[in-house]
Amino acid sequence: MEKAETVAVKRRYANRIPNKYLFLLLSLLLVGCGSSNNDNTSETDLEELAKIEVTEYEGQDLSSLNDFRENSIKGPQYIDLDAYTLTIDGLVEQPVALSYDEVLENQKYTKVVTLHCVEGWSVDILWEGILLADLFEGVAVQETADTVIFYSEDGYSTALPLRTIMDRQLMIAYKMNGVELPPERGFPFQLVAEDKLGYKWIKWITRIELSDDADYKGYWEQRGFDNEADVEP
Ligand SMILES: Nc1nc2c(c(=O)[nH]1)N[C@H]1C(S)=C(S)[C@@H](COP(=O)(O)O)O[C@H]1N2
Ligand SMILES: [Mo]
């Protein structure tokens, strides 16, 4: 296969490049092939992103977007933005289905927040996102709503009290450490559930429902994990 490529390249350039340069060109190609042999240990996109991510913010060292342990219930989801909308509905006057760009029209906020997984690892990440409060302003939340239920592409869900979201000014992130969320980390949006355990940090958010079901239990909450999910101080 590499050989066929080389031949194709040679043929394409043969018309344009004087013969005396062909030897040099082919030599360079061969050297190129030699040094790209470590393609076998091919670096993932996450490793590529890790090379350009922000590693420190206002004097604070950050974790890498590679320091997460990928243990999502169905593995990474790959969302096609052309088909994507973020629905906000339930107990609201004006339900919406926003495109990615429409969500990003809101004021952007940046904050270092730590995600603690119940499995005992944690990561300090510089998040960039949109306040849920700003998104809620656009839909006119009804007075009876006291709970916000988040749904994801992979069938996962979780919920938080509306009060918590407003009091703590929680956001959904579209960037981490200065780069767009990679698919493994929840592209296009992950909830930055500050002070809550990792299972509240829902990735690949597709729908946000305003509800009055304060007892709603998400995927892990139904399986016995605490619905408060407060990080122990
Ligand atoms: N949609 C979805 N979001 C999810 C999960 C999941 O399985 N599906 N796992 C949660 C858990 S348990 C943690 S700790 C965080 C970070 O998970 P990650 O390390 O797999 O990125 O994502 C949370 N968000
Ligand atoms: Mo977790």
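A residue counts as buried under 20% relative accessible area, as exposed over 50%, and as partly exposed in between. The structure described here is a predicted model.

**Backbone geometry**

Most residues other than glycine have a negative phi, and most peptide bonds are trans. Asp195 has a positive phi near 70° and is not a glycine. This residue lies in the loop between strand 11 and strand 12 (205–211). Its relative accessible area is 41%, so Asp195 is partly exposed. Glu58, also not a glycine, has a positive phi of about 45°. The loop between strand 1 (56–57) and strand 2 (60–61) holds Glu58. With a relative accessible area of 72%, Glu58 is exposed. The peptide bond from Phe187 to Pro188 is cis, with omega near 5°. Pro188 is placed in the loop between strand 10 (179–180) and strand 11 (190–192).

**Ligand 1**

The largest pocket is the space taken by ligand 1. There are 18 residues around the ligand, and Arg69, Ile73, Asp154, Trp201 and Lys203 come nearest. By class, this shell has 9 nonpolar, 4 polar and 5 charged residues. The table gives polar contacts of ligand 1.

| Ligand 1 atom | Protein partner | Distance |
|---|---|---|
| oxygen | Asn71, polar backbone atom | 3.2 Å |
| oxygen | Ser72, N or O atom in the side chain | 3.5 Å |
| nitrogen | Trp201, polar backbone atom | 2.9 Å |

Taken alone, ligand 1 exposes 530 Å², and the protein buries 98% of that. Trp201 thus appears twice: among the residues that come nearest to ligand 1, and as the backbone partner of a ligand nitrogen atom at 2.9 Å.

Note on methods
Residues are numbered from 1 along each chain as its sequence is written. Chains are lettered from A and ligands numbered from 1 in the order in which they are written. This is a predicted model: local features need pLDDT of at least 70, side-chain atom pairs count only at pLDDT 80 or more; totals for chains, interfaces and linings use all residues. Side-chain values use heavy atoms; hydrogens and water are left out. A residue is near a molecule or strand if one of its heavy atoms lies within 4 Å of it. A polar contact is a pair of N or O atoms within 3.5 Å; within protein, one must be able to donate a hydrogen and the other to accept it, and residues adjacent in sequence count only if both atoms are side-chain atoms. Accessible areas come from the Shrake-Rupley method with a 1.4 Å probe; for residues, only the protein chains shown count as cover. On a 1 Å grid over the protein atoms alone, a cavity is a set of points where a 1.4 Å probe fits but cannot get out, and a pocket is an open set with protein on both sides within 12 Å along at least five of seven lines; lining residues have an atom within 4 Å of a point. A molecule sits in a cavity or pocket if more than half of its atoms lie within 2 Å of its grid points. Ala, Val, Leu, Ile, Met, Phe, Trp, Tyr, Cys and Pro count as nonpolar, Asp, Glu, Lys and Arg as charged, and the others, Gly among them, as polar. Helices (H or I, at least four residues) and strands (E, at least two) are DSSP runs, numbered from the N terminus. Buried means under 20% relative accessible area, exposed over 50%, partly exposed in between (1.4 Å probe, protein chains only).
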